[in-house]
Amino acid sequence: LLFAYRGADDAALSIVILLLLLNASMLLVLMVGVLARELWALPALWLLVAGNGIVLALFGFTPAVVTVAALVAAGVVLGGDVRAFRLNPVMLKELRGRMRGMRAFVVMTVYLGLMSGFATLLYLIYSSATRTTGSAAAGEIGRVLFMGIVGIELLLIIFIAPAFTAGAITGERERQTYDLLKTTLLATPSFVIGKLESALGYILLLLLAAIPLQSIAFLFGGVSETELALSFVILAVSAIALGTVGIYFSAIMQRTLTASVRAYTVTLIVTFGVPLILSVIVGVISAALYGFGANSANSPVVEAIITYIQVFLTSMNPVATALTTQELLANRQVIGFYTQTLSDGSTIPMVSPWVVFTILYLTASAVLVVLTVRSSRRTEI
C-alpha cells in the first residue's frame, strides 16, 4: 500500500492508517459542503485530488487511486451543476448584520486588549524572574509569550465558540422567525451550514487579529513559523468542532439557555473531563504493570499500547495537544512522524498529536453537522 516508502514496516503501517483516516475525515467534510452547495466545496474537492496525487507520487500510497477516482467522478458530476454552488445567503446575512453594529468591534477591541495586557504581564513577570541574559534568555521569553497567548486563545475559544452557535437555531424559534425561514426555498443543509459559518467566520476573524500578538515572539526568537502555523491549525479546528457542538444542541433544544448549558457541559466533559479520568485510569494501570522494577521491561507490547493510548488521550484535549506539539517541535524538530524508544530498547512509530487531533475533531464536526441537518428536518415534519 506504500510501495515507495523505504522505512520500517510498522512505520509504513502507521502512515497508511493515518492517511486513510485523514482521507475519510476530509471526505466527510466535503460531503457536508456538497450537501449544502457551498462554494468552497468545489475547489476543496480538487485540492484533495491534488493532495492524494502528491502522496501517491511521493510515497506510492496506492489507496489514493480509489480516492482520486471517486473524487474525479464526483467533480465531473457536480461540474454540470456549478451554478448551484454559491456563497451561503444565511452566512452573508448574519455576517453583515454582526459587523454593521458596534458590538463586534467592541468585542474585538476588548479581546485584543486583554490579550495584549496578558502578554505584557507575562513578559514583565518572566523577564524579572529569569537570571540568564543574551539570546538564550530572549528565546525563552519569546517561547513563553507564544505559549501563553496561544493558551489563552484556546481557553477563549472553548468558552466563546459554543456560545456563538448555541443560539443560532433556537434564537430563530424564540423570535418566531424559524417557520418563516422554512417557507423559503433555502435548503436545510444550507441553513445549518450558513448559521455555522457566520459564527465561525467571526471567531476566525478574532484568531487572525491575534496573529500579530503571537508574532511578537519572533522579535525574541525561540519560535519558528511552523509553530505559528500549527498553532493556528489547532485553534481553527478547535473552533470548528466546538462550534458544531453548539449548533447541534441548538437544533435539538427549544431554548437558547438549555442549548448553551448542554453545549458547555459536553464541551467541558470532552475536552477536560474524559481525558482526565482516562489519564488517571491509564496511570494506575501503568503503575501496576511497570512500577515493580523487574517487571518494567517484560511486556513491550503492553507498554506500546499504553503509549498509544496516552497519545490518543492527549489528542482529545486541544490544550494538551498544543503543548505536546510545541514541545516535540521545539525539542525534537518533529512535525509528523517520529519514533519512541521503549524500556527494552525497541522502538515504535509515533505521530505528533496535532495530526490525530485534526482527524478526530474534523470527523466529529462533520458527523455533528449531519445530525443537526437530520434533526432540523425532523422538526419540519
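# Pockets, a cavity and a hairpin

Let me open with the second largest pocket, which holds about 340 Å³ of space. What you have in front of you is a predicted model, and everything I describe today should be taken in that light.

Which residues line this second largest pocket? They are Lys93, Glu94, Gly97, Arg98, Gly101, Met102, Arg103, Ala104, Val107, Ala163, Phe164 and Tyr202. Divided by class, that lining has six nonpolar, two polar and four charged residues. Helix H4, together with helix H5 (103-129) and helix H6 (135-166), supplies at least two residues each to the lining, and H4 provides the largest share, namely four residues.

One of those lining residues, Met102, deserves a closer look. Methionine 102 sits in the loop between H4 and H5, and it counts as exposed because its relative accessible area is 63%, where over 50% is what the term requires. If you follow the chain back from methionine 102 to asparagine 88, a separation of 14 residues in sequence, you find 24 Å between the two C-alpha atoms.

Let me turn to the largest pocket, whose volume is about 930 Å³. Its lining comprises 36 residues, and those lying nearest the centre of the pocket are Met26, Val29, Val237, Ile240 and Leu362. By class, the lining is made up of 30 nonpolar residues, five polar ones and one charged one. As for where the lining comes from, at least two residues each are supplied by helix H1 (9-35), helix H2 (41-59), helix H4 (89-100), helix H9 (188-209), helix H12 (225-252) and helix H16 (353-380). H4 therefore contributes to the lining of the second largest pocket as a helix with at least two residues there, and it also appears among the helices that line the largest pocket.

Those were the open spaces, and there is an enclosed one as well. How many cavities of 30 Å³ or more does a search of the whole structure find? The search finds one, and the space inside it comes to about 50 Å³. The residues around this cavity are Tyr111, Glu153, Leu156, Ile157, Ile160, Ile203, Leu206 and Leu207; seven of the lining residues are nonpolar, none is polar and one is charged. H6 and H9 each give at least two residues to the cavity lining, with H6 giving the most, at four residues.

Next, the chain as a whole. Its secondary structure amounts to 16 helices and two strands, and 42% of its 381 residues are buried. The C-alpha trace spans about 70 × 55 × 40 Å along its principal axes. The radius of gyration of the chain is 23 Å, which agrees with the value near 21 Å that a compact globule of 381 residues would have.

As one example of a helix, H1 has 27 residues and extends 39 Å from its first C-alpha to its last, which is close to the 39 Å expected at 1.5 Å a residue.

The two strands form a hairpin. Strand S1 (residues 337-341) and strand S2 (residues 347-351) run antiparallel and are joined by five bridges. Phenylalanine 337 is placed opposite valine 351 of S2. Four of the five residues of S2 are buried, which leaves that strand mostly covered. Five residues lie between the strands of this hairpin, where glycine 345 adopts a positive phi near 95°.

That brings me to backbone angles, with the reminder that most residues other than glycine have a negative phi. Arginine 37 has a positive phi, near 55°, without being a glycine. It is found in the loop between H1 and H2. Is arginine 37 exposed, partly exposed or buried? It counts as partly exposed, because its relative accessibility is 30%.

Glutamine 333 likewise has a positive phi, of about 55°, although it is not a glycine. This residue belongs to the loop between helix H15 (318-332) and S1, and glutamine 333 is classed as exposed because its relative accessible area is 60%.

To draw these threads together, we have a largest pocket of about 930 Å³, a second largest pocket of about 340 Å³ and a largest cavity of about 50 Å³, set in a chain of 16 helices and two strands.

Note on methods: Residues are numbered from 1 along each chain as its sequence is written. This is a predicted model: local features need pLDDT of at least 70, side-chain atom pairs count only at pLDDT 80 or more; totals for chains, interfaces and linings use all residues. Side-chain values use heavy atoms; hydrogens and water are left out. On a 1 Å grid over the protein atoms alone, a cavity is a set of points where a 1.4 Å probe fits but cannot get out, and a pocket is an open set with protein on both sides within 12 Å along at least five of seven lines; lining residues have an atom within 4 Å of a point. Grid points are joined across faces, edges and corners, and a volume is the space filled by probe spheres set on the points. Ala, Val, Leu, Ile, Met, Phe, Trp, Tyr, Cys and Pro count as nonpolar, Asp, Glu, Lys and Arg as charged, and the others, Gly among them, as polar. Buried means under 20% relative accessible area, exposed over 50%, partly exposed in between (1.4 Å probe, protein chains only). Two strands pair if DSSP finds at least two bridges between them. The expected span of a helix is 1.5 Å times one less than its number of residues. The radius of gyration is taken over C-alpha atoms; the globule rule is 2.2 Å times the number of residues to the power 0.38.
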